[in-house]
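The following exercises are intended for a reader who has the sequence and the three-dimensional structure at hand. Each task should be attempted before the worked solution is consulted.

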Amino acid sequence: MYYYTISQNELTHYLQKPDTTLIDLRTPEAFQKGHIPGASNIPYPQLYTKSLSAFSREIIILYCDRGNQSLLAARDLQKRGIMAFSIYGGFLSYHGPIERGIKQVNG
């Protein structure tokens, strides 16, 4: 099994698919200040306490500030059989529109 990183251009392609979930692994404070539109916030320390079974048939795209934590998380999720990608360079490499506010995943 292997894991992937994707570029911002590839992100646009994946977000057009209905089975893609975008997860921001940063803190709720950072998420509220600005995040990629459509993202849900699951801070990295909480990722493994959430029920990810609902994502088993989906593509999960993860990002953090610089891409380090999201790369580790994508690798771990791939080991669990979940198709996961990390945005190369994280949120700092993203140059598209920004949303503000809170949208957190419960569970």
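The exercises below concern a predicted model and proceed from the overall fold to individual side chains.

**Exercise 1. Overall fold and confidence**

Task: Determine how many helices and strands the protein has, and in which order the elements run from the N terminus.

Solution.
Step 1. Counting the elements gives 3 helices and 5 strands.
Step 2. Read from the N terminus, the order is β-α-β-α-β-β-α-β.
Step 3. Confidence is then assessed: the mean pLDDT of the protein is 87, and 85% of its residues reach 70 or more. Among the elements, helix α2 (residues 28-33) has the highest mean pLDDT, 96, and α1 has the lowest, 90.
Step 4. Of the 107 residues in the protein, 41% are buried. Among contacts between residues at least 6 apart in sequence, 70% join residues at least 24 apart.

**Exercise 2. The surroundings of strand β4**

Task: Establish how many residues of β4 are buried, and which strands are joined to β4 by bridges.

Solution.
Step 1. The criterion for a buried residue is a relative accessible area under 20%. In β4, 5 of the 5 residues are buried, so this strand is largely enclosed by the rest of the structure.
Step 2. The side chains are sorted by direction: I59, I61 and Y63 point one way, whereas I60 and L62 point the other way.
Step 3. The pairing with β2 is parallel and comprises 5 bridges; L22 has I61 as its bridge partner in β4.
Step 4. The pairing of β4 with β5 is also parallel, and it comprises 4 bridges. Here L62 stands opposite S86 of β5.

**Exercise 3. The nonpolar cores**

Task: Identify which elements give two or more residues to the largest nonpolar core, and which of them gives the most.

Solution.
Step 1. In soluble globular proteins, nonpolar side chains tend to be buried together.
Step 2. The largest nonpolar core has 14 residues, and those with the most contacts inside it are I6, L11, L22, I36, I61, Y63 and I87.
Step 3. The elements that give two or more residues to this core are α1 (8-15), β4 (59-63) and β5 (83-87). The greatest contribution comes from β4, with 3 residues.
Step 4. Apart from this core lies another, of 13 residues, among them L62, L77, I82 and A84.
Step 5. The directions found for β4 can now be recalled: Y63 and I61 point one way and L62 the other. Y63 and I61 are named in the largest core, while L62 is named in the other core.

**Exercise 4. The salt bridges**

Task: State how many salt bridges the count comes to, and whether the residues of each are buried or partly exposed.

Solution.
Step 1. Side chains of opposite charge can pair when their charged atoms come close. The count here comes to 2 salt bridges.
Step 2. One joins D24 to R26, with the closest N and O atoms 2.8 Å apart. D24 is buried at 0% relative accessibility, and R26 is buried at 7%.
Step 3. The other joins D76 to R75, with an N to O distance of 3.4 Å. Both of these residues are partly exposed: D76 has a relative accessible area of 23% and R75 one of 30%.

**Exercise 5. D24, Y63 and S70**

Task: Trace which contacts link D24, Y63 and S70.

Solution.
Step 1. D24 is located in strand β2 (residues 20-24). Beyond four places in sequence, D24 touches F31, H35, A39, S40, N41, I42, P43 and Y63.
Step 2. The side chains of D24 and Y63 are joined by a polar contact of 2.8 Å.
Step 3. With residues up to four places away again left out, Y63 touches L22, I23, D24, L25, R26, H35, I36, A39, S70, I87 and F91. This list includes both D24 and R26, the partners in a salt bridge.
Step 4. S70 lies in helix α3 (residues 68-79) and is buried at 0% relative accessibility. Leaving aside neighbours within four places, S70 is in contact with L25, L62, Y63, C64, S86 and I87.
Step 5. A polar atom of the S70 side chain lies 3.3 Å from the backbone oxygen of G67.
Step 6. Y63 is thus the link sought in the task, since its contacts include both D24 and S70.

Definitions and conventions
Residues numbered from 1 in each chain as written. Predicted model: local features only at pLDDT ≥ 70, side-chain atom pairs only at ≥ 80, totals over all residues. Heavy atoms only, no water. Core = buried A, V, L, I, M, F, W, Y, C linked by side-chain atoms within 4.5 Å. Buried < 20%, exposed > 50% of the residue type's maximum accessible area, 1.4 Å probe, protein only. Contact = heavy atoms within 4.5 Å. Salt bridge = Lys/Arg side-chain N within 4 Å of Asp/Glu carboxyl O. pLDDT = per-residue confidence, 0-100. Polar contact = N/O pair within 3.5 Å; in protein donor to acceptor, adjacent residues only side chain to side chain. Pairing = 2+ DSSP bridges.
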